[in-house]
Amino acid sequence: MRFICDHMLGSLARWLRLLGFDVLYPGPIPDREIVEIAIEEGRVILTRDKELSSTVKAQALYVESDDLEEQLTFTMKELELKVTEPMSRCSLCNARIEKVDKSSAEGEVPGGVYDRQEEFWFCPNCNKYYWQGSHWDRITRTIEKLVKS
Ligand SMILES: [Zn+2]
């Protein structure tokens, strides 16, 4: 399942990407264009706009909460999503990220992070390194709880 998030859902878009989902986050564009892209690319619209979510032209989900963890758990529950490819997409650009040798992250990430973390990923598009920090641990714990409930 692929997605397009409206402009109100930037954090949700970033986290869905880190969890491995293909998510477009086009910035402020007219609703009609969001619907067009959703139809063309077969994407589900995630939106905080009730009117947009009621479109019958494409599948859409109204995300009411403005809390990231609530948005994530709600979306995953409603659409019955499963995380199968965590850490596979760049949260900034949606490109595939690659796991890299720890040594290649040396000097590229904060020293404390380098010491604590064993696994690193890299987006060749953004030249950005990723690791599973405390925020990641909290979010994945929240999702695990959701899956078990
Ligand atoms: Zn990127």
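This tour moves from the whole chain to its domains and then to one strand and its neighbours. The model is predicted.

**Whole chain**

Start with everything shown as a cartoon. Count the elements: the protein has six helices and seven strands. Follow them from the N terminus and the order reads β-α-β-α-β-α-β-α-β-α-β-β-α. The radius of gyration is 16 Å, close to the 15 Å from the globule rule for 149 residues, so the protein is as compact as a globular protein of that length.

Now rotate the C-alpha trace. Along its principal axes it spans about 50 × 35 × 25 Å. Colour by burial next. Buried residues are 23% of the 149 in the protein. Contacts can be sorted by sequence separation too. Of those with a separation of 6 or more, 49% link residues 24 or more positions apart.

**Two domains**

Select 2-78 and give this range one colour; the domain assignment calls it domain 1. Select 98-148 for domain 2 and give this range another colour. The C-alpha centres of domain 1 and domain 2 are 25 Å apart.

Look at where the domains touch. Domain 1 puts six residues into the contact, and domain 2 puts in four. Which helix gives the largest share of the domain 1 side? Select residues 68-78. This is helix α4, and it supplies five residues of the side that touches domain 2. Show side chains on the domain 1 side of the contact: three residues are nonpolar, one is polar and two are charged.

**Strand β3**

Stay in the model and select residues 43-47, strand β3. Is this strand mostly covered or mostly open? Strand β3 is mostly covered, with four of its five residues buried. While the strand is on screen, keep a general point in mind. Side chains in a regular strand alternate between the two faces of the sheet.

**Neighbours of β3**

Add residues 2-5, strand β1. Strands β1 and β3 run parallel, joined by four bridges. To find one bridge, pick arginine 2; its partner in β3 is arginine 43.

Then add residues 60-62, strand β4. How many bridges join β3 to β4? There are three, and these two strands run parallel. Pick isoleucine 45 and look across to β4: alanine 60 stands opposite.

Finish with β1, β3 and β4 displayed together. Strand β3 has bridges to β1 and bridges to β4.

Conventions. Residues numbered from 1 in each chain as written. Predicted model: local features only at pLDDT ≥ 70, side-chain atom pairs only at ≥ 80, totals over all residues. Domains from an automatic or database assignment. Contact = placed C-beta atoms within 7 Å. Nonpolar A, V, L, I, M, F, W, Y, C, P; charged D, E, K, R; others polar. Buried ≥ 20, exposed ≤ 12 C-beta atoms within 10 Å, placed from the backbone. Pairing = 2+ DSSP bridges. Rg over C-alpha atoms; globule rule 2.2 N^0.38 Å.
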